[in-house]
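Hi everyone, thanks for having me. I'd like to walk you through one model today, so let's get it up on the screen.

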Amino acid sequence: MFRIRRALPATALILVLAACGAPDPDQTRSTAAPASPAPRLDVAGLESAVPPTAWTVPAATDAPVQPDPGLIRVQILLDRSAFSPGVIDGLPGDNTRRAVAAWREANGMTGDTVDAAMMEALSTAHGGPVMRRVVLTAADVAGPFDPPASGDLSDLARDGVGFTSARERIAERFHVTESLLEALNPGVDFRRAGAEIVVPAVSDAALPAVARIVIDKSETSLRAYDARGRLVAFYPATIGSTERPAPTGTLKVLGVAPEPDYTYDPAKLSYDRGDSKVVVPAGPNNPVGTVWIDLSEESYGIHGTPDPSEIAKTASNGCVRLTNWDAEQLAAAVKPGVTVEFR
């Protein structure tokens, strides 16, 4: 939960933390090194790869699960259509399955199977190669970079919440996991300006104006509708927890705060995170990410995350978390007064 101090300019907006946004005690951002990258992917083959027709999630083993070229392709096309799979990883999972089902429903189809008719429609509507080549610039690789988060708010405030590496910055820019970015670009030094890399051809297209948002707690999703009632976006979401549930009923959007700071204030807390007041600066690895959409129930909002791979897979402290890029896309399409229904 947060209280937004509206007297401050948006770029310096401070959020007072009461429940939402603080790292969960058992869900702090990992400091471990990324998993070993998969064997080299056939980038040219991704353009015609066929996604699987069944959602079989491999059993948990010590062996790494390899990304599926067909799933990479469909995840990129879904991302372009604003029916987000969350982070692009090429792996089977509920986020992609639900995005497929939502897209099919919006386009007059049933079920959650990625069939030939869906791929043809997606490719026609969002055509062009699913991968593209870019050359890293000095700005892409420039620091300074901050250390990985420990989960302690005092450490975040002291060390900063910027990107931890050029690789992380590039992965977030193209909505992809760092391990898949490496698998697409084996042997590439992401710290070197001038290096040419292959990345998902995601889109920066804006949504039409959003008039209504529906947040489904059981599905862990957020749907956005225009004034005609047309579903224009679907996002996987982390929505509260059993101990700290999200709101119920219908709220309204009060405003948007890009690049929010926030303050941990134990005088306003409903649970313990220490006795000292802590101000955590803005940044992509801030516990509320890069944007905050303020809701009409005090201290609740829709916001980004430092952990895009964990969206809809872990609990939150009451608010609604999206990937940073999904939250930014939604924030650009809402205005004060938009209704937000929790179901």
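Okay, let's start with the sheet. This is a predicted model, and in it nine strands make up an open sheet, in the order 7-6-5-15-9-12-13-14-8, with mixed pairing. At the edges you'll find strand 7, residues 231–236, and strand 8, residues 238–239, each of which pairs on one side only.

If pairing is new to you: strands of a sheet pair through backbone hydrogen bonds, either parallel or antiparallel. Here's an example. Strand 12 (291–295) and strand 13 (301–303) are antiparallel partners, joined over three bridges. Look for tryptophan 292, which stands opposite histidine 303 of strand 13.

Now, what packs on the sheet? Helix 3, residues 94–106, does, and it touches strand 6 (221–225) and strand 7. The direction of helix 3 makes about 170° with that of strand 7. Helix 9 packs on the sheet too, with strands 5, 6, 7, 9, 12 and 13 as its contacts. Its direction makes about 55° with that of strand 12.

Let's zoom in on helix 3, where arginine 98 sits. Is arginine 98 buried or exposed? It counts as buried, because its relative accessibility is 16% and the cut-off is under 20%. Its side chain has a polar contact of 2.9 Å with the side chain of threonine 220. Further along the sequence, arginine 98 also touches Glu219 and Phe234.

Last stop, helix 7, residues 166–173. Its buried residues include Ala166, Ile170 and Glu172, and the buried set packs against helices 5, 8 and 9 plus strand 4. After helix 7 comes histidine 175, with a positive phi near 60°.

Conventions
Residues numbered from 1 in each chain as written. Predicted model: local features only at pLDDT ≥ 70, side-chain atom pairs only at ≥ 80, totals over all residues. Heavy atoms only, no water. Buried < 20%, exposed > 50% of the residue type's maximum accessible area, 1.4 Å probe, protein only. Helix = DSSP H or I, 4+ residues; strand = E, 2+ residues; numbered from the N terminus. Contact = heavy atoms within 4.5 Å. Pairing = 2+ DSSP bridges. Axes fitted to C-alpha atoms, helices over the stretch in contact; angles between N-to-C directions. Polar contact = N/O pair within 3.5 Å; in protein donor to acceptor, adjacent residues only side chain to side chain. Lists of a residue's contacts leave out its neighbours within four places in sequence.
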